[in-house]
Amino acid sequence: MNEHLEQLKEIRSMMERSSKFLSLSGLSGISAGICALAGAWYAHQKIHVDALYHLFDPQVREEIVPLLVIDALIVLISALVTGAFFTIRRARKKGFKMWNSTSKRLLVSMLIPLLAGGAFCIAMLYHGFFWLCFPATLIFYGIALVNASRYTVHDTFYLGISEIIIGIIALFLAQWNLNFWALGFGVLHIIYGAVVYFRYETK
């Protein structure tokens, strides 16, 4: 009887590995959150408080927008590099394949809303509504995570919903957008990463 149960568990485990991308490391989430908090701190140090109340002043936009774009790109690249490092390390440790049909579906499910969100943010920058980019990135990223949760750990779904909620709130509180951005991409990522790490990687 026990032998049959073990076989069923092994079959279930194999099916889960084939339908879910389980290589994602919780440390990737933690590192991404740390990068986001560092970027938010830097932006907070550089942006004048008074500028928040003159968002449509061309001179203010000319000063702030390039700084925010460069800062965001540095955060994104840093998060991707550190995330890839921890994910690849976990995949090799567990003997998982990084690139398979499941990881391809996961990538496509994330790229569609992310590319749409990127186009939306570029349009907002073009028309001068750059402060809407903060909540927009949270919302579209949350949608991407909800889509991707079908192909990875279910905790990703709750992170996605949380990002969407924070982004929607931030739409109506423009003066606190940087704080909400730090909360969504920084604090929530660290919490999510810690949950994934201790739930799936310390067993």
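This is a guided tour of a predicted model, arranged as a series of selections to make in the viewer.

**The whole chain**

Begin with the whole protein in a cartoon representation, where the secondary structure comes to 7 helices and 0 strands, so that no strand needs to be looked for under the DSSP-based assignment. Read from the N terminus on, the elements run α-α-α-α-α-α-α. If you colour the 203 residues by accessibility, 39% of them count as buried. With contacts switched on, and taking those with a separation of 6 or more, residues 24 or more positions apart account for 78%.

**Helix 4**

Next select helix 4, residues 101-127, whose 27 residues should span 39 Å at 1.5 Å a residue, and whose end C-alpha atoms are indeed 39 Å apart. Centre the view on L111, where helix 4 bends by about 25°, and then look along to P113, a proline that follows L111 within four residues. With side chains shown, pick out the buried residues of this helix, which are T102, S103, L106, S109, M110, P113, G117, C121 and M124; P113 thus appears both as the proline following the bend and in this buried set. Moving past the end of helix 4, stop at G128, which follows the helix and has a positive phi, near 90°.

**F130 and the loop**

Continue to F130, which is placed in the loop between helix 4 and helix 5. Is F130 buried or exposed? Its relative accessible area is 3%, and F130 is therefore buried, the cut-off for that class being under 20%. Add V65 to the selection and draw a distance between the two C-alpha atoms: F130 and V65 are 65 residues apart along the chain, yet these atoms are separated by 7.3 Å.

**The nonpolar core**

F130 also leads to the next selection, the largest nonpolar core, which has 33 residues and in which L68, M110, F130, F134, W181 and F185 are those with the most contacts inside it. At least two residues of this core are supplied by each of helix 2 (26-46), helix 3 (58-94), helix 4, helix 5 (133-148), helix 6 and helix 7. Which helix gives the largest share of this core? That share, 8 residues, comes from helix 7. As general background, nonpolar side chains in soluble globular proteins tend to be buried together.

Within the core, select W181 and display its surroundings: leaving out residues up to four places away in sequence, W181 touches A36, A40, V75, F134, T137, L138 and G186.

**Helix 7**

Now show helix 7, residues 177-201, on its own. The 25 residues of helix 7 reach 34 Å from the first C-alpha to the last, which is close to the 36 Å expected at 1.5 Å a residue. Turn the view until the axis is seen from the side, and look for a kink of about 30° centred on L183.

**The salt bridge**

Keep helix 7 in view and bring in helix 6, residues 155-171. A search of the whole structure finds 1 salt bridge, in which the side chains of R199 and D155 meet at 2.7 Å, N to O. This pair links distant parts of the chain, with R199 in helix 7 and D155 in helix 6, 44 residues apart. The two partners fall into separate accessibility classes, because R199, at 42% relative accessibility, counts as partly exposed, whereas D155, at 10%, counts as buried.

**Along helix 6**

Select T156, which also has its place in helix 6 and is buried, with a relative accessible area of 3%. Apart from its neighbours within four places in sequence, T156 is in contact with L145, S149 and Y192. Further along helix 6 lies I161, which is partly exposed, with a relative accessible area of 32%. A distance drawn from the C-alpha atom of I161 to that of Y141, 20 residues apart along the chain, reads 9.8 Å.

**The cysteines**

Finish by selecting the cysteines, among them C35, C121 and C133. How many disulfides are there? The count comes to 0. C133 is in no disulfide, since the nearest cysteine sulfur, that of C121, is 4.3 Å away, and a disulfide would need the two sulfur atoms within 2.5 Å. C133 counts as buried at 11% relative accessibility, and C35 counts as buried at 16%.

Methods:
Residues are numbered from 1 along each chain as its sequence is written. This is a predicted model: local features need pLDDT of at least 70, side-chain atom pairs count only at pLDDT 80 or more; totals for chains, interfaces and linings use all residues. Side-chain values use heavy atoms; hydrogens and water are left out. A salt bridge is a side-chain nitrogen of Lys or Arg within 4 Å of a carboxyl oxygen of Asp or Glu. Buried means under 20% relative accessible area, exposed over 50%, partly exposed in between (1.4 Å probe, protein chains only). The expected span of a helix is 1.5 Å times one less than its number of residues. The bend at a residue is the angle between axes fitted to the seven residues ending there and the seven starting there. A nonpolar core is a set of buried Ala, Val, Leu, Ile, Met, Phe, Trp, Tyr and Cys residues joined through side-chain atoms within 4.5 Å. Contact means heavy atoms within 4.5 Å.
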